[in-house]
Amino acid sequence: IFFRCLLSLMAAPALKITYEEEYYQKLCADKQVQVQLANALKGKCLVAKTAFAQNDIVLSEKKCVAAQNLDDKLENVKVCGNCMRSVEGVLANCLRARRKLPQSERQKLPGIAEATFVHLETFADLPVPVPCAYAESHGCTEQYCSHKCKEEAWRRYHGVLCPKTTGFPNCKSSPIVQMHDESWVQGGINYADTFYVVFIIFAHVLCNIRLNSMPPPEAWLPFSFFISAPWESLSFEYLLSEDDKDDEDDSDNRSKDEVVARALELLTQLYNPKPEEQFLFEPQFFSRMLGMVLLNGQERMPPSPFLEYRNHLTDWHPEISQEALIDTIMGKSADESEQDILNYSSKGQGIYTVAACMNHSCDPNVYVTYTAHNDEELVVTALKDIPAGTELCISYIDEDADVEYRRSQLQNHYLFECMCDKCVRESGGPDVTAQEDPPVWA
């Protein structure tokens, strides 16, 4: 399977779709959904094995890979390095949210301390951070929500990223530190989070090869099933405002090839690849990995410690005014978006093997949310009653936008023209435009 996928991936001009029936049957054996083929153009789809009622949980899935967004990591927003659950205290969470306010507003606010939070001592649902085993001896800064997550992270990816094994201390000479400090802006778009997820994917594959003694084909196999496309085939200009387009300072002058070359330079310094690992370090392959993350990534924003604390107050102390508490922390003049910062711990991205097979519809029948554990686990919930055998679709974009804007976004980012019933109805006719570059199958 691996070499067939690899050769097709290197040669394909646009989308690459890989499907192996036996592989997906095993993945879905204990689930109420099944990955199937839709058609040669649409590719894979996710179908309900059984009927679901509105608000039923359709699918729960742990990540294939998940990573905190790089700007939050550099801001030292503390989350578990494995599952992204917050390991930040309630007070630290609130102080961080307050720092987002304009300085003139912060100066007007009273100080806050743990005493500000009524009944905080009865709220014991937050994990105690567990440091990497090499925190003291080698200066590793990774933290986890449990010893279980610490061990899983070492086995899956951290075993090749820790200063203990890289030999690089946490200083400017480290390729990891240089990667954190590098600008990943290209064409006015900041791709830092995408590059960071790809760096973590590298660690997963190389950890399996070097620490878990897997053959390279087996180590790469789970990632070979995600739909992919070259980075250069994807366009995100719709994200730029007119001011962004006119402001040259907001664009990086490097080409995409030059940005990829810089990433591979840092990865080569970090890992010194062996001949059997060299396929990962090929520019075309790396470009496909970027496209894979951009096409399959799910934004992850687990609820914050403060939101967990608020839920605790709602359940156990309903007499307490939460509105007054938020006013104390953020001020009465804070708008809804500023107050909303309190509710999320850290942004991140995850890719999920089964959930990635859900296609888009501008009239979706499921949506994505979180588990009660507030970690990276993805939960798919029914928006309406769903009969058995129905395809499960989410919306990749804002489905309330007008049809021309929706189709433009989907064409630029996901390389297809949406022909869902809603788009056909709103565009005034059933005229179907074929894709210029149909998917390449492996």
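**Exercise 1. Describe the second largest pocket by its volume, its lining and the elements that supply the lining.**

Solution. The second largest pocket holds about 790 Å³ of space, where a pocket is an open set of points on a 1 Å grid over the protein atoms alone, with protein on both sides within 12 Å along at least five of seven lines, and a volume is the space filled by probe spheres set on the points, which are joined across faces, edges and corners. The model is a predicted one, in which local features need pLDDT of at least 70 and side-chain atom pairs count only at pLDDT 80 or more, while totals for chains, interfaces and linings use all residues. Residues are numbered from 1 along each chain as its sequence is written, and side-chain values use heavy atoms, with hydrogens and water left out.

Next comes the lining, made of residues that have an atom within 4 Å of a point. There are 33 such residues, and Lys-73, Thr-141, Glu-142, His-180 and Tyr-196 lie nearest the centre of the pocket. At least two lining residues come from each of strand E5 (65-68), helix H3 (70-74), helix H8 (163-166), helix H9 (175-181) and helix H10 (192-210), with H9 giving the most, 4 residues. Helices (H or I, at least four residues) and strands (E, at least two) are DSSP runs, numbered from the N terminus.

By class, the lining has 20 nonpolar, 10 polar and 3 charged residues; Ala, Val, Leu, Ile, Met, Phe, Trp, Tyr, Cys and Pro count as nonpolar, Asp, Glu, Lys and Arg as charged, and the others, Gly among them, as polar.

**Exercise 2. State how many cavities of 30 Å³ or more are counted, and characterise the largest cavity.**

Solution. A cavity is a set of grid points where a 1.4 Å probe fits but cannot get out, and the count comes to 1 cavity of 30 Å³ or more. The volume of the largest cavity is about 40 Å³. Its lining consists of Lys-63, Ala-66, Gly-81, Asn-82, Arg-156, Tyr-157, Ile-200 and His-204, which divide by class into 3 nonpolar, 3 polar and 2 charged residues.

**Exercise 3. Trace the aromatic pairs around Tyr-24, and then follow the contacts of Thr-353.**

Solution. A pair of aromatic rings is described by the distance of the centres and the angle of the planes. Rings of Phe, Tyr and Trp (its six-membered ring) pair if their centres lie within 6.5 Å, and planes under 30 degrees apart count as stacked, over 60 as edge-to-face and the rest as tilted. The whole structure contains 21 aromatic pairs. One of them joins Tyr-19 and Tyr-24, which are stacked at 5.6 Å centre to centre with 15° between the planes, whereas Tyr-23 and Tyr-24 are edge-to-face, at 5.3 Å centre to centre and 85° between the planes.

Tyr-24 has a relative accessible area of 1% and is therefore buried, a term that means under 20% relative accessible area, with exposed being over 50% and partly exposed in between (1.4 Å probe, protein chains only). Tyr-19 is buried as well.

Thr-353 sits in the loop between strand E11 (348-351) and strand E12 (359-360), and counts as buried because its relative accessibility is 12%. Leaving aside residues up to four places away in sequence, Thr-353 touches Tyr-23, Tyr-24, Leu-27, Glu-61, Cys-64 and Phe-226, a contact being heavy atoms within 4.5 Å.

Elsewhere, ring pairs link Trp-184, Tyr-191, Phe-195, Phe-199, Phe-202, Trp-231, Phe-236, Phe-281 and Phe-286 into a cluster.

**Exercise 4. Place Asn-76 and Met-84 in the chain and give the phi of each.**

Solution. Most residues other than glycine have a negative phi, and most peptide bonds are trans. Asn-76 has a positive phi, near 65°, and is found in the loop between H3 and helix H4 (90-99). Met-84, which lies in the loop between H3 and H4, has a positive phi near 70°. Met-84 counts as buried because its relative accessibility is 2%.

**Exercise 5. Decide whether Pro-215 and Phe-285 are buried or partly exposed, and locate each of them.**

Solution. Pro-215 lies in the loop between H10 and helix H11 (216-224), and its relative accessibility of 42% is why Pro-215 counts as partly exposed. Its C-alpha atom is 9.8 Å from that of Glu-277, although the two residues are 62 apart in sequence. Phe-285, in helix H14 (residues 283-296), has a relative accessible area of 0% and so is buried. The C-alpha atoms of Phe-285 and Ala-229 are separated by 9.9 Å, with their positions 56 residues apart along the chain.
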